[in-house]
Amino acid sequence: MATSRAATEAFLVPVGAFILTLIIGYGYVWIGGNIEKFEGQETLAQTSSRFAWNLLVPTLLVMIFVALRPLEETFISSLTDRRFAAGANTEVNFVGVDNYAKLLGVRWDMISCTTGDDGACLLDEDGERVYPRARDTLDEGYTEMRYREVATWVTLGNSKLIFSARDDNFIGSIANTLRFAAISVTLELILGVFIAMVINSKFPGRGLMRAAMLVPWAIPTVVSARLWTVMLRDNSSGILNSGLVIPLQELLGTGAQSVAWLANPDWQIPAMILIDVWKTTPFMALILLAGLQTIPEDIYEAADVDGANRITQFLRLTLPLLRPTIAVALVFRTLDAIRVFDVFQVVLAQKQYSMATYNYYTLINSQELGYASAVGVVMFIIILLFTVAYVRILGVSAE
């Protein structure tokens with residue numbers, strides 16, 4: 001059986017390469033034929049439109065085979081209980097949307113405090129109200145469906161609001177990823193604009209500064225993540241603690257105490273953001289620098305003649321003209337941040353998940369291929385929603 005399967009795969013590889021070659025060759029010949037048909041009977045806009053479609057159609061054909069086909073296979077697997085590396089003879093069952101129901105199953109419940117004989121809420125040793133456990137109070141479905149508390153909020157009065165999920169790790173990974181993406185991309189955009197404007201000005205050593213700026217971006221993410229793991233140690237050997245945090249605390253007179261960047265859950269995501277901002281801000285600055293260099297100098301000279309100061313020029317000229325470049329940079333960086341994997345994997349492993357690392361551990365450790373495929377489909381939908389939102393809000397399609 002194994003020999004037959006290997007022979008089949010060996011046969012399919014050259015066949016696939018042959019079909020792909022035919023598609024690319026056909027697209028190339030088709031483009032050449034259509035361009036030669038132009039005989040001056042079209043307007044320039046019509047010619048440009050036809051040329052764009054000639055380039056687009058072969059690209060779409062290739063995407064159908066190299067992108068849509070794997071997506072289709074992933075979606076089909078997400079509807080099954082298929083196991084990873086379970087062998088060809090393993091039975092695979094259709095489970096419908098059960099994987100999605102487990103992934104996205106959340107609920108909100110209000111729980112009242114535990115009361116004494118007099119009807120007043122009981123208090124613990126710290127004077128806080130005592131609440132019963134959610135699984136002891138809520139309906140049987142809460143326990144049968146294996147909901148777990150993700151977050152609680154004490155509301156006004158004697159009740160608290162509980163947010164529960166069937167897969168609290170996945171819901172937590174979504175929260176971690178979105179918080180990481182929102183804060184890191186915002187900081188990178190602000191710092192990127194500042195750095196791009198600095199290195200776009202004329203001063204001695206500008207070329208050397210541009211090259212030095214790209215050093216963090218040039219270092220592989222795995223290497224930089226390991227370097228930051230050493231720098232973020234929660235003792236005096238961690239450079240950030242010994243060189244910044246402790247001296248600052250001593251200066252303020254608050255007492256020297258190291259911050260457990262990678263051990264304390266409250267500091268783990270900020271540490272990930274710090275690493276990502278350090279590494280990726282040069283990339284953002286490089287894209288914005290390219291946009292700044294397309295802005296003609298004469299409009300600034302005209303603004304100087306009109307008496308506009310630098311802040312007015314930045315707000316009224318630079319930002320509006322830089323908007324298409326900012327939109328492209330935001331799309332690239334946001335989608336990259338939502339798919340973040342390597343820095344979380346190297347620094348945090350299973351301490352806290354991003355969506356990508358949770359997908360990895362679901363597939364490799366738990367070997368739940370069907371469930372991991374559902375995670376991948378949910379990630380794809382989230383990324384698609386962000387892309388559409390950026391295109392609509394920032395007007396990328398209209399530029």
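Why is strand S3 (residues 159-165) largely enclosed by the rest of the structure? Six of its seven residues are buried, so the strand is largely enclosed; buried here means under 20% relative accessible area, exposed means over 50%, and partly exposed is in between, with a 1.4 Å probe and protein chains only. Before going on, some ground rules: this is a predicted model, where local features need pLDDT of at least 70, side-chain atom pairs count only at pLDDT 80 or more, and totals for chains, interfaces and linings use all residues. Residues are numbered from 1 along each chain as its sequence is written, and side-chain values use heavy atoms, with hydrogens and water left out. The labels come from DSSP runs numbered from the N terminus: helices are H or I with at least four residues, strands are E with at least two.

Now for the sheet that S3 belongs to. It is an open sheet of three strands in the order S1-S3-S2, with antiparallel pairing. S1 and S2 stand at the edges with a single partner strand each, so one side of each has no neighbour in the sheet. From one strand to the next, the twist averages 25°. Axes here are lines fitted to C-alpha atoms (for helices, over the stretch in contact), and angles between N-to-C directions run from 0 to 180 degrees. Helix H6 (residues 168-200) packs on the sheet and touches S1, S2 and S3, its direction making about 100° with that of S3. Contact, by the way, means heavy atoms within 4.5 Å.

Let's zoom in on the pairing, where two strands count as paired if DSSP finds at least two bridges between them. S1 (residues 106-112) runs antiparallel to S3, joined by seven bridges. Trp108 has Phe163 as its bridge partner in S3, and Ile111 has Lys160. On the other flank, S2 (residues 148-154) pairs with S3 over six bridges, also in the antiparallel sense. There, Val154 has Lys160 as its bridge partner.

Thr152 is a handy spot to look at S2 from, since its place is in that strand. With a relative accessibility of 40%, Thr152 counts as partly exposed. Setting aside residues up to four places away in sequence, Thr152 touches Lys160, Leu161 and Ile162. Thr152 and Trp108 are 44 residues apart in sequence, yet their C-alpha atoms are 9.6 Å apart in space.

Just ahead of S2, in the loop between helix H5 (140-144) and that strand, sits Arg146. Its phi is near 60°, a positive value in a residue other than glycine, and at 61% relative accessibility Arg146 counts as exposed. Gln367, in the loop between H15 and helix H16 (369-394), also has phi near 60°, but is partly exposed at 33%.

Ser354 lies in the loop between helix H14 (342-347) and helix H15 (355-364). At 0% relative accessibility it counts as buried, and beyond its neighbours within four places in sequence its contacts include Ser173, Thr177 and Phe344.

Finally, follow helix H11 (residues 265-292). Its 28 residues should span 40 Å (the expected span is 1.5 Å times one less than the number of residues), and its end C-alpha atoms are 40 Å apart, which agrees. Even so, H11 bends by about 40° at Thr280, with Pro282 following within four residues; the bend is the angle between axes fitted to the seven residues ending there and the seven starting there.
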